[in-house]
Amino acid sequence: MKNSATLEICSRPLMGSKKRPVLENQRREQNENYENQVHGLTLKVAHLQNENNQLQKLFHEKSNINENIRQEVARLSGENSIIPELRQQTSELQRQKQDLEAQVDMQSRELAEKTDQITNHLQKKIEEEQSQCMQFRQQAEELEGDKTELHGRVEELQEEKQHLLKQHLAESEAKTRFSQEAWRLTAENMDFEEQLDKKDRLIKKLQSQVKSLEKSEKAKSTPSLVIPKDYLGMLEYKREDQTRLIQNIPRGVVVNMIPGLAAYIIYMCVRHSDYLNDSAKLKSLMNGDHQKDFEMLSFWLSNTNHLINCLKQYSGEEEFMKQNTSRQKKNCLQNFDLSEHRQILSDLAIHIYHRFITHESLQGISSMKPSGFRKRSPSANQDGEAHTISSILQTLGSFHATMAQHGTDPGLLRQAVKQLFFLTGAVTLNNILLRKDLCSCRKGMQIRCNISYLEEWLKDKGLQGSSAMDTLKPLSQAAWLLQVNKTNDEDAREIAEQCTELSPVQIIKILNSYTPIDDFEKRVTSSFVRKVQALLQDHEGSTQLMLDTQYRFQVTFPFCPSTQALELLQVPSSLQLGFLTRL
């Protein structure tokens, strides 16, 4: 109705222009009222929808509750139907319970009676065992006393053994000194014989001079003075006598009156070949083979070294002639350059040296065993027990005396001793690494004691500067490792810090092989070995377990000029070298 009225009002042509704005405002207000009413109705509709949803939700929940109630009622109804049956079962169970309780009471009384009987029997047995235990304790105390007494006896025997060993060493040293004194006296006797020969020759010479003077007086002639012959320091020989020369010279092995006498004789023969410019004779002499048994090897090692020094000293080279006297400078070679032969002789000397230090007579030195060591089986080497510290020291003493007798250069002697000590330490350490019966505290103590004997031997011979003891450091540290405590973290750190000469592989091997031989020693635990292994991870060293016993230190032959005047040197008649002619 309102809309039609509005249209009619708007369509009237008679309305004036002044009423139009009023109508538009009224229409706008009506539109706004309609919109507000529509918005309010929309909100009411939304509110009613929410209430409707909530009512529906409540209705569904009530329906679910009712359904659950119906199910529960049905379940309870079913259970009520079996209640009489359950009551009957309960009464039956109570009756069975009463029967069981009666049986339990009866069995309890029987069990109590049996328990009393068993308790009484066990009590009697416990009393008997306690009495036996007291007897065992008394026997154990008696055995402990016997064990302590035996240990004391063992220590006394060890002390007595050490004392006897020292006495044996003293006796061997005395024998060595006696033999050296005998050699010295024999050398002096030979010197006296040589002096007697000289005096006899001088007497004969003087007698011949007297006869000549008498003849001259009788003939009333002018007396002539006898001028002694001026020797050139050469020895002449025939080429066919060269074999006899090489064979007869080693007679000086027994008593070598002058150190390097054989070298001087050979060089004087070389000088004569040089003087004659006879290259074939010289070459044949220089290529002779002089290697034989142990003493011959020692003899030729020393004299080959002296011969090399002679070839250098009389080569004419300024660097080797600084200490030569004016007379020695006249004995230099004139025609031949023997520098190549010096190298050949040097190689020969090295070959002789290697054969010398590995000679079978020195094999006992490289197989040192702790005192009291026994063979493992009857098939072991029958000479094994002879290679003890006393036999090693005796062999070393004989070795030293032989080289000293032949006038070996002190520097070369120190190198040989160092090599022998290395072989001793390497072979002994390899035995420790391979054999569990050597990996114990007692064996470590015995090895360190043997090392101290070797050190005393070096001091007695004046060989402290040979660095021989440095080659025994791995063995010494292995012996220390066998003796040191091996239980806690502090011990593990000490082992890692002290065993610098042993490789990590060797340290772990010794720890794993450690075998207690009495109740005073304990086996090394695997956890302690792992601790040491962890501390050694960053340590550098060889990964090889065994030491190379074939290793050889580089040998050098230092130049040592001689003060011996060749023109004054005479060949002893004991060498049976009468085919040599002194020029």
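## Salt bridges, a buried helix and a surface patch

A search of the whole structure, which is a predicted model, turns up 0 disulfides. Two cysteines are worth a look here: Cys310 is buried at 2% relative accessibility, whereas Cys133 is partly exposed at 31%.

Let's turn to the charged side chains. The count comes to 10 salt bridges, and the table lists some of them with their N to O distances.

| Basic residue | Acidic residue | N to O distance |
|---|---|---|
| Arg435 | Asp437 | 2.8 Å |
| Lys473 | Asp470 | 3.8 Å |
| Lys531 | Asp489 | 2.7 Å |

The pair Lys531 and Asp489 links distant parts of the chain, with Lys531 in helix 15 and Asp489 in helix 13, 42 residues apart. Lys531 is partly exposed at 35% relative accessible area, and Asp489 is partly exposed at 40%. For the pair in the second row, Lys473 has a relative accessible area of 39% and Asp470 one of 43%. Arg435 counts as buried because its relative accessible area, 14%, falls under 20%, while its partner Asp437 is partly exposed at 34%. Elsewhere, Glu92, Arg95 and Asp99 are joined in a network of salt bridges.

Next comes helix 14, residues 504–513. Of its 10 residues, 7 are buried, so the helix is largely enclosed by the rest of the structure. Among them are Ile507, Ile508, Ile510 and Leu511. The buried residues of helix 14 pack against helices 10, 12, 13 and 15.

Finally, the surface: Ile65, Ile69 and Val73 make up a nonpolar patch with about 260 Å² of accessible area together. Val73 belongs to helix 2 (residues 20–218) and is partly exposed, at 46% relative accessible area.

Terms used:
Residues are numbered from 1 along each chain as its sequence is written. This is a predicted model: local features need pLDDT of at least 70, side-chain atom pairs count only at pLDDT 80 or more; totals for chains, interfaces and linings use all residues. Side-chain values use heavy atoms; hydrogens and water are left out. Patches are made of residues with over 30% relative accessible area and no salt bridge: like charges are joined within 9 Å, nonpolar side chains (Val, Leu, Ile, Met, Phe, Trp, Tyr) within 5 Å. Accessible areas come from the Shrake-Rupley method with a 1.4 Å probe; for residues, only the protein chains shown count as cover. A salt bridge is a side-chain nitrogen of Lys or Arg within 4 Å of a carboxyl oxygen of Asp or Glu. Helices (H or I, at least four residues) and strands (E, at least two) are DSSP runs, numbered from the N terminus. Buried means under 20% relative accessible area, exposed over 50%, partly exposed in between (1.4 Å probe, protein chains only). Contact means heavy atoms within 4.5 Å. A disulfide is a pair of cysteine sulfur atoms within 2.5 Å.
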